[in-house]
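Hi everyone, thanks for making time. I'd like to walk you through a structure that is probably new to most of you, so let's get it up on the screen.

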Amino acid sequence: MSEINSNYAASAPISRRTPSDSCCAGAVAEVQGMFGPVSVSETLIQKIWLRGDFRRDGLKTLSGAEVEVVRAGMWNKLDGPDFLRAELIIGGKRVRGDVEIHFYADDWFAHSHAANPAYGKVVLHVVFFPPSNENIPRNNAAGEPMETLVLFPFLKCDIEEYASEDALAKIEGRDSAENVTEILAGVPADERFKFLRDNAFIRWEQKVRFMRRRLDAVGGWEKVAHRLILETLGLRRNREPMSRLAERFSPSTMLLMNSQKLFSVEAGTWRLSGTRPANLPRARLEQYLSLLQKNPAWATQLRKFLKTLPAANVLGGGAGTKKFRAAARMQRAHKEIFDGIFAKTIGGTRFETVLCDAFFPLFSAATGADLSAWWFHWFLGDAPGNVPKILRENSVATTEQPYCNGIFQGLIQASLFSTPRG
């Protein structure tokens, strides 16, 4: 298991919030994710079940019965079980019935399902977290045997990755249940920038805390920088195999290899379907090898350069993006890093993402310097194509307040912590 993955494996619920009306779709738990607490709704868990977006091998119930999902069932957004008329093979026996989703096993009793005839056909109780006691339901409302499956151990990746993808679906409008425009509509127009700015700085603090953990676990700026740049080049889809390559091979070793050799080491683990040609792992590996060839001391030089950047309080971090960029001479700093340190090897929006997702928070974690305003006002990196339109139509982006990384990070954070309407 890679070092980054071992951090994920420690994910656990840190608190629980449930609306007073106890609507299943509205139940929310906070889970420790990659960058800190992630608000996860039962709706997200239902989507994971619906899409079958979990490991199928070794799928077993608490009693040890093997489970094969033939058909997840029809997603029920009204009263009653979450999925109707599912088809499963449990313990070698084909069964048809309903599936109920909860965070915890004892939610079955807390929601009074045991006495509700509507839950008399439930054959599988899917819970997210392992039970901490013996209060596990054994029978459905009709008194028939019912198995319980804990989903958490079978996730393909960290829960924040699922939550982030769900947040992006809201931003892009792919989530018909809720999108980010509806979230912003609930905030007065003259308060939306502040709302997103506040959310962005919550995300910044989480990123800095995560970077401190990475420094403690890996040790040293250069080692962490090596891993972070590869993970960021892989983004969500291929971050884990990139992390394993960085853990296994040092920069000097990678220089003796080519992109095909590195790619073949993780053969079978890359997620290639639906990935644009420019984002294919081999292309991103070639970019990193090119950087190592042109400037092997890039990590050390980047740290020295970031040390020269004035802190937010010197430049007036509360100013709008246009004023801050001018006072900070941000275009000049961009050119110094892109042309000089990175030798023009990583271009487009991915360059901005590498700096914002990895190196601004890493530097603040390593030195204590406050680069939050630089991170906020830096140029927009990888983002859905409709983000500028959303910001413009919701009176967030203006001539004085152009698009920037921080506003997009605020959108993500606001989407992560939004509670779907049940």
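Before we start, one term: a residue is called buried when its relative accessible area is under 20%, exposed when it is over 50%, and partly exposed in between. Take Arg244: its relative accessible area is 25%, so Arg244 is partly exposed. Keep that one in mind, since we'll come back to Arg244. And please remember that what you see is a predicted model.

Okay, the overall picture. We have 18 helices and nine strands in the chain. There are 422 residues, and 54% of them are buried. The chain exposes about 18,500 Å², with carbon and sulfur atoms supplying 51% of that. As for contacts with a separation of 6 or more, 65% of them are between residues 24 or more positions apart.

Now let's look at helix packing. Two packed helices are described by the angle between their axes and the distance between the axes. My example is helix H7, residues 221-248, and I'll show you two of its partners.

Partner one is H10. The axes of H7 and H10 cross at roughly 175° and come within 11 Å. Angles over 145 degrees count as roughly antiparallel, so H7 is roughly antiparallel to H10. Who makes the contact? On the H7 side we have His226, Ile229, Leu230, Leu233, Asn238, Met242 and Leu245, and on the H10 side Pro281, Arg284, Leu285, Gln287, Tyr288 and Leu291. Sorted by class, that contact has nine nonpolar, three polar and one charged residues.

Partner two is H11, residues 298-306, which packs against H7 at about 105° with the axes 9 Å apart. This time the range to know is 65 to 115 degrees, which counts as roughly perpendicular, so H7 is roughly perpendicular to H11. From H7, the residues involved are Trp221, Glu222, Ala225 and Ile229, and they meet Trp298, Ala299, Thr300, Arg303 and Leu306 in H11. The class count here is six nonpolar, one polar and two charged residues. If you're following along on the structure, find Ile229: that residue is listed in the contact with H10 and in the contact with H11.

Next up, charges. Side chains of opposite charge can pair when their charged atoms come close. How many salt bridges does the structure hold? The count is 14, and I've picked three.

Here's Arg244 again. Its side chain meets that of Glu266 in a salt bridge, 3.0 Å from N to O. The two sit 22 residues apart, with Arg244 in helix H7 and Glu266 in the loop between helix H9 and helix H10. Is Glu266 buried or exposed? Its relative accessibility is 8%, so Glu266 counts as buried.

The second pair is Glu87 with Arg71, where the closest N and O atoms are 3.1 Å apart. This one links strand E6, which holds Glu87, to strand E4, which holds Arg71, and the two residues are 16 apart. Glu87 is buried, at 7% relative accessibility, while Arg71 is partly exposed at 42%. The pair also belongs to something wider: Arg71, Glu87, Arg94 and Arg96 are linked in a network of salt bridges.

The third pair is Asp57 and Arg55, at 3.7 Å from N to O. Here Asp57 counts as exposed, with 53% relative accessibility, and Arg55 is partly exposed, at 33%.

A few more stops before we finish. Helix H2, residues 42-51, is mostly covered, with eight of its ten residues buried. Among them are Leu44, Ile45, Ile48 and Trp49, and the buried set also includes Glu42 and Lys47. Just after H2 comes Gly52, with a positive phi of about 65°.

Then there's Asp107, in helix H3, which is buried with a relative accessible area of 1%. Its C-alpha atom is 9.0 Å from that of Val127, 20 residues away along the chain.

Val127 turns up once more at my last stop, Thr148 in strand E9. Which residues does Thr148 touch, leaving out those up to four places away in sequence? They are Thr61, Leu62, Leu124, His125, Val127, Ile136 and Pro137. Thr148 itself is buried, at 3% relative accessibility.

That's my tour, thanks for listening.

Definitions and conventions: Residues are numbered from 1 along each chain as its sequence is written. This is a predicted model: local features need pLDDT of at least 70, side-chain atom pairs count only at pLDDT 80 or more; totals for chains, interfaces and linings use all residues. Side-chain values use heavy atoms; hydrogens and water are left out. Axes are lines fitted to C-alpha atoms, for helices over the stretch in contact, and angles run from 0 to 180 degrees between N-to-C directions. Helices (H or I, at least four residues) and strands (E, at least two) are DSSP runs, numbered from the N terminus. Angles under 35 degrees count as roughly parallel, over 145 as roughly antiparallel, 65 to 115 as roughly perpendicular and the rest as oblique. Contact means heavy atoms within 4.5 Å. Ala, Val, Leu, Ile, Met, Phe, Trp, Tyr, Cys and Pro count as nonpolar, Asp, Glu, Lys and Arg as charged, and the others, Gly among them, as polar. Buried means under 20% relative accessible area, exposed over 50%, partly exposed in between (1.4 Å probe, protein chains only). Accessible areas come from the Shrake-Rupley method with a 1.4 Å probe; for residues, only the protein chains shown count as cover. A salt bridge is a side-chain nitrogen of Lys or Arg within 4 Å of a carboxyl oxygen of Asp or Glu.
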